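Reader: I'd like a close look at one part of this model: the place where the two chains meet, along with the helices around it. Could you walk me through it?

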Amino acid sequence: MINIIIGVLCTIGALAILVAAIGILRMPDFYLRLSVTVKAATLGGGLLLLSAAFYFPEEVSVTTKALAIIFFLILTAPVAAHLIARSAYFIGTAQWEGTADDDLAGMYDKETHQLSSGNTPVNALPPKAEPELGTDDETV
Amino acid sequence: MTLDSYIDYVILPILAISLLLVFIRLFKGPDIVDRVIALDLLITIGISVITVYSISTGKSTFIDVAMILALIAFLGTIAFSYYIEKRGRK
């Protein structure tokens with residue numbers, strides 16, 4: 001019975017990783033590749049580690065380690081993906097011609113790497129006032 | 001069909017094919033960020049291969065290696081993105 005559970009978990013995990021690999025090869029631009037890769041690979045690795053946690057039931061340390069790796073993967077994969085996507089946007093990675101919206105266009109100040117929010121592009125922002133004494137300077 | 005032979009003849013070949021496909025993207029990759037995410041995905045698949053191999057051999061010590069690899073993959077991607085952004089800033 002436990003073997004069937006482990007086999008099913010392994011199969012779903014391996015297929016998710018295969019989908020991630022096909023996606024990183026076939027998707028047309030960097031942002032779509034990133035969007036496919038991170039989620040599918042995290043799911044696949046998590047399921048395979050979960051099957052390892054089921055396979056060594058008498059050793060509590062192995063189960064704890066497998067669950068810790070799953071937790072760490074889920075915690076760090078979106079952060080890493082966000083950072084590398086931000087860097088790719090700054091160095092001007094080309095987008096696919098079918099991409100309809102670019103909500104970040106004009107929102108980033110290329111000099112200071114500051115993101116303006118709302119509907120005002122960065123060029124329309126008022127110039128920064130000199131920081132007064134006794135107030136926190138957020139630009140440091 | 002036992003679980004060990006299923007893992008050896010089905011799961012590990014699927015992971016090997018995935019590694020090959022990601023390697024193609026790593027060599028083709030038109031931009032540097034494509035190569036960075038291909039490396040990240042390679043390490044994630046490597047963690048999965050180590051896990052499956054530890055199930056197949058019944059030795060649970062390999063899980064420690066997977067844990068260290070997960071840490072290093074995160075740090076590598078963070079360092080790459082930091083320096084790519086610095087290079088673009090001039």
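Author: Sure, let's start with what the record says. For chain A, an unreviewed UniProt entry lists residues 6-25, 37-56 and 62-85 as "transmembrane region". Keep in mind that the coordinates here come from a predicted model, so we can set that annotation beside the prediction.

Take residues 6-25 of chain A: the span is 100% helix and 0% strand, with its end C-alpha atoms 29 Å apart. Residues 62-85 of chain A also come out at 100% helix and 0% strand, and there the end C-alpha atoms are 34 Å apart.

Chain A as a whole has three helices and two strands, and they run α-α-α-β-β along the sequence. Of the 140 residues in chain A, 30% are buried. If you take the contacts in chain A between residues at least 6 apart in sequence, 53% of them join residues at least 24 apart.

Now for the partner. Chain B has its own "transmembrane region" annotation in UniProt, again from an unreviewed entry, covering residues 6-24, 36-56 and 62-84. Residues 6-24 of chain B are 100% helix and 0% strand, and 27 Å separates the end C-alpha atoms. For residues 62-84 of chain B, the end C-alpha atoms lie 33 Å apart, and the span is likewise 100% helix and 0% strand.

That brings us to the contact itself. Chain A puts in 43 residues and chain B puts in 42. On the chain B side, α1 (3-28), α2 (32-57) and α3 (62-89) each supply at least two residues. The top contributor to that side is α2(B), with 15 residues. Sorted by class, the side of chain B that touches chain A has 27 nonpolar, nine polar and six charged residues.

How far does the predictor trust all this? The model scores ipTM 0.91 and pTM 0.84. Chain B has a mean pLDDT of 90, and 97% of its residues reach 70 or more. Among the elements of chain B, α1(B) has the highest mean pLDDT, at 93, while α3(B) has the lowest, at 88. As a general reading rule, predicted coordinates shouldn't be read in detail where pLDDT is low.

So, to pull the chain B side together: α1, α2 and α3 of chain B each take part in touching chain A, α2(B) gives the most, and 27 of the residues there are nonpolar.

Terms used
Residues numbered from 1 in each chain as written. Chains lettered and ligands numbered in written order. Predicted model: local features only at pLDDT ≥ 70, side-chain atom pairs only at ≥ 80, totals over all residues. Helix = DSSP H or I, 4+ residues; strand = E, 2+ residues; numbered from the N terminus. Buried ≥ 20, exposed ≤ 12 C-beta atoms within 10 Å, placed from the backbone. Contact = placed C-beta atoms within 7 Å. Nonpolar A, V, L, I, M, F, W, Y, C, P; charged D, E, K, R; others polar. UniProt positions renumbered as here; feature names shortened; annotations may be inferred. pLDDT = per-residue confidence, 0-100.
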